[in-house]
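Me: Could you take me through one part of this model closely, starting with a strand pairing and its hairpin, and then show me what surrounds it in the rest of the structure? I would enjoy a connected walk rather than a list.

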Amino acid sequence: MAASPRHAIRVRNLTKSYRIYDSSLGRALDAFRRTPTGRAFTALDDVTLDFPKGEVIAIVGKNGSGKSTLLKIITGVTSATSGTVEVDGRISAMLELTSGFDPELTGVENVYLKAVSMGIARAEIDQRMAAIIEFADIGEHITQPVRTYSSGMKSRLGFAVSVNVDPDILIVDEVLAVGDDVFTLKCIDAMEEFRRQGKTILFVSHSLFTIKAFCTLGVWIERGRIIEQGELGPVVLAYEDFLRAERARTKRKRADSEDFDTPQEKRDIIEVSGFAMRNAAGDKATTFAYGEDILFEFDYTVKRPVEALTFCYTIRNAEQLEVYMADKRNPANTVDSSPGTHHLRVRLKSPNLLAGEYLLSGELWNNDAGFYVGYSNKRPFRIEQQDYLGTGITYVGHEFANE
Amino acid sequence: MANGGSVGAAWRGLREIAVSNARNVRRTLAMARFDLTKRYSGSLLGVGWAVVRPAVFIAVYWFAISVGLRGGKPIEGVLYILWLIPGIVPWFFLNDALTIGGTAIRDHRHLVTKMVFPVSTIPVFTVLALFFAHLMLLIPSILILALAGPGFTVHTLQLLYYMFATLVFSSVVAILISTLSAVSADVGHMVRSFTRVMFWLTPIIWPFSSVHGTLRWAILANPLTYLIEGYRHALLRPDWLFGSLRYTAYFWGLTGLLMLVAGYLYHRLQPDFADVL
């Protein structure tokens, strides 16, 4: 079962399908039937993934996308329908911090209970008890029944047990949502410490803020399939784009269903479609060589007459720091604003951006009305370079001479 | 389901259950201890309730049946209450093992859905915890019988055998039922109603000698009769083994069959546990 030395977890062609029954008795009766009667539902569909050691991997996706199913299979809580999972090391899973606590037992007794149910020997718990109590930091309450605890105290205790059993792989599923900010910071500190020790953390959270704060890699799962994986930045950006589009779609749907006169929307004036980035050769690309021209193009349809339209673009680095923003009032950037569909192609001439992730945003502006339509929202692209030119964002050329 | 595939599934399931129970004996014992403290902690009397609650029931049955119905007549040469104790004490355990043990997996769902836990040990440690409580009730019962009843004889030793048989039988049945009740909550309710019926259909508060003819066979077919009468036999009668050797073979044959059914069901349903609980 050992994975390759570089990977903590290797997932190959993992598929998980459930059977859904109208009544729970149907499932029990199915055990006696040769052909099952329930309807099949696929939660994970041919997922192949590598989780490298020493990384903090964020798993993002909407509710019901299959994130938790994936974690449950990796931890061994549930089995896959087909495919394999190889795990290298002891897993400590925090699928739910306070599960397994008995309200009648005291804090200390519950530490034993939780550890015993995780299969840890009593002697080992005795050794770690002091550290656990210190981490939980709930004072006198540790000798009181857990039913008297606040939910924050319960999660502290749960987290204290999970991080103090010396796992190689820590799986954290949406647990930081509970507890106060101080506790959240403490958890993040503990996980940072893990990362420093070269341990692997799988992290599921709906808080993209927390994810950006300390994850290094990302996996985006939707409807049981992997949409994106790799460096955190682009994965999160693509996911955010998706969420935004989703929100816009539901908003639009809501607007469509309203039959009274709704205020004019941007898309009733100008609609943008078919945005693409291309390299100098004209092929679609999101990776460019250093100094190579970057092209992008899109169609826009002017539906109602508008005055002068200018286009504008912004380049940001992965930390969202602005690298360059074109002047949106520059009359030189005026484009065709007559009614009808137009195509716009823009060439960014040999930008001296150094290797790394960048984001391209852009809008069409009608400056008189302060009205704009975005054509690209933080679209990620990558610059690669052969020769080392120093660090930073952009190359600053120079000449020199001893005079 | 009577084909080669089913028998194979039953064996595989049985092996899964046996292996994971054998590998996790220490964990099972520790969990049983927690289960016991959990059940009785938080109350003033604590584990004392394991004795007091049944004692109240025994007193009530004694009053209703001995005083009310039988007019204080002795039975098998001893006072009714002394005759009642060795039958009803194992029943209290069997009743709990069927109802509490029968929903053990569902009741400990967090162990299934949130942790990597050897699932087939859950009904076993639950039954084991109940068995500890049973011992707490059994020991004073034996002392009462020894002082007020026929006293200790060499035949009392066979109690150990009947305790073992009871523990094995109830573990097997608990695995079987809790496997079914894990996927369907209805099973738990069904079992609770069923055990209430079984209490009256098993010779617990009435003597087996009062049934005759074919009805005897029906009562003997109930494996609970073997265990209850076994306890009574060991504690009251100067004789070896209740019923015939054939009856003992029947009991173990039935237990073996239930094991296979449990293995089959476990093999079929266990992969669903984490998804349905």
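Reply: Strands β8(A) and β9(A), the latter covering residues 225–231 of chain A, are joined by 6 bridges and run antiparallel. Please keep in mind throughout that this is a predicted model. One rung to look for is A:L217, whose bridge partner in β9(A) is A:E231. The hairpin that these strands form has 2 residues between the strands, and A:R223 takes a positive phi there, near 50°.

β8(A) spans residues 217–222 and also pairs with strand β3 (residues 56–60) of chain A, this time in the parallel sense and over 4 bridges. Here A:I59 is the residue to click on, as A:I59 stands opposite A:V219 in β8(A). So much for the hairpin and its parallel partner. As a general reminder, strands of a sheet pair through backbone hydrogen bonds, in either the parallel or the antiparallel sense.

Elsewhere in chain A you will find an open sheet of 3 strands, ordered β2-β1-β4 and with antiparallel pairing. Its edges are β2 (39–52) and β4 (82–87), each of which pairs on one side only. On average, neighbouring strands of this sheet are turned by 20° against each other, direction ignored. Strand β1 (residues 7–20) is joined to β4(A) by 5 bridges, with the two running antiparallel, and A:R12 has A:T84 as its bridge partner in β4(A).

The next residue along is worth a pause. A:N13 is found in strand β1 of chain A, yet its phi is near 45°, a positive value in a residue other than glycine. Is A:N13 buried or exposed? A:N13 counts as exposed because 12 other C-beta atoms lie within 10 Å, and a residue with 12 or fewer falls in that class. A:S350 makes a nice companion: A:S350 has a positive phi of about 20° although it is not a glycine. A:S350 sits in the loop between β16 (340–348) and β17 (356–366) of chain A, and with 12 other C-beta atoms within 10 Å, A:S350 is exposed.

Now for a helix of chain A. Helix α4 (residues 122–136) bends by about 50° at A:R128. The buried residues of α4(A) are A:I125, A:I132 and A:A136, and they pack against α3 (107–117) and α5 (151–163) of chain A. Just after α4(A) comes A:D137, with a positive phi of about 55°.

Let's cross over to chain B, which has 12 helices and 0 strands. Buried residues make up 44% of its 277 residues. Among contacts in chain B between residues at least 6 apart in sequence, 80% join residues at least 24 apart.

B:I88 gives a good example from the interior of chain B. B:I88 lies in helix α4 (residues 80–99) of that chain and counts as buried because it has 24 C-beta neighbours inside 10 Å, where 20 or more is the cut-off. Leaving aside neighbours within four places in sequence, B:I88 is in contact with B:I58, B:Y61, B:I204 and B:I205. The C-alpha atoms of B:I88 and B:P203 are separated by 9.5 Å, with their positions 115 residues apart along the chain counted as the sequence separation.

Another place to rotate into view is the pair α8(B) and α9(B), whose axes come within 5 Å and cross at roughly 135°. The two helices are therefore oblique to each other. Where they meet, B:I177, B:L180 and B:S181 in α8(B) touch B:A185, B:V187, B:G188 and B:V191 in α9(B). By class, this contact has 5 nonpolar, 2 polar and no charged residues.

Finally, the two chains meet: 30 residues of chain B are in contact with 26 residues of chain A. On the chain B side, α2 (25–40), α6 (109–113), α8 (158–183), α9 (185–201) and α12 (245–276) each supply at least two residues. α12(B) gives the most, with 8 residues. By class, that side of chain B has 17 nonpolar, 6 polar and 7 charged residues.

Definitions and conventions:
Residues are numbered from 1 along each chain as its sequence is written. Chains are lettered from A and ligands numbered from 1 in the order in which they are written. This is a predicted model: local features need pLDDT of at least 70, side-chain atom pairs count only at pLDDT 80 or more; totals for chains, interfaces and linings use all residues. Two strands pair if DSSP finds at least two bridges between them. Axes are lines fitted to C-alpha atoms, for helices over the stretch in contact, and angles run from 0 to 180 degrees between N-to-C directions. Two residues are in contact if their C-beta atoms, placed from the backbone, lie within 7 Å. Ala, Val, Leu, Ile, Met, Phe, Trp, Tyr, Cys and Pro count as nonpolar, Asp, Glu, Lys and Arg as charged, and the others, Gly among them, as polar. Angles under 35 degrees count as roughly parallel, over 145 as roughly antiparallel, 65 to 115 as roughly perpendicular and the rest as oblique. The bend at a residue is the angle between axes fitted to the seven residues ending there and the seven starting there.
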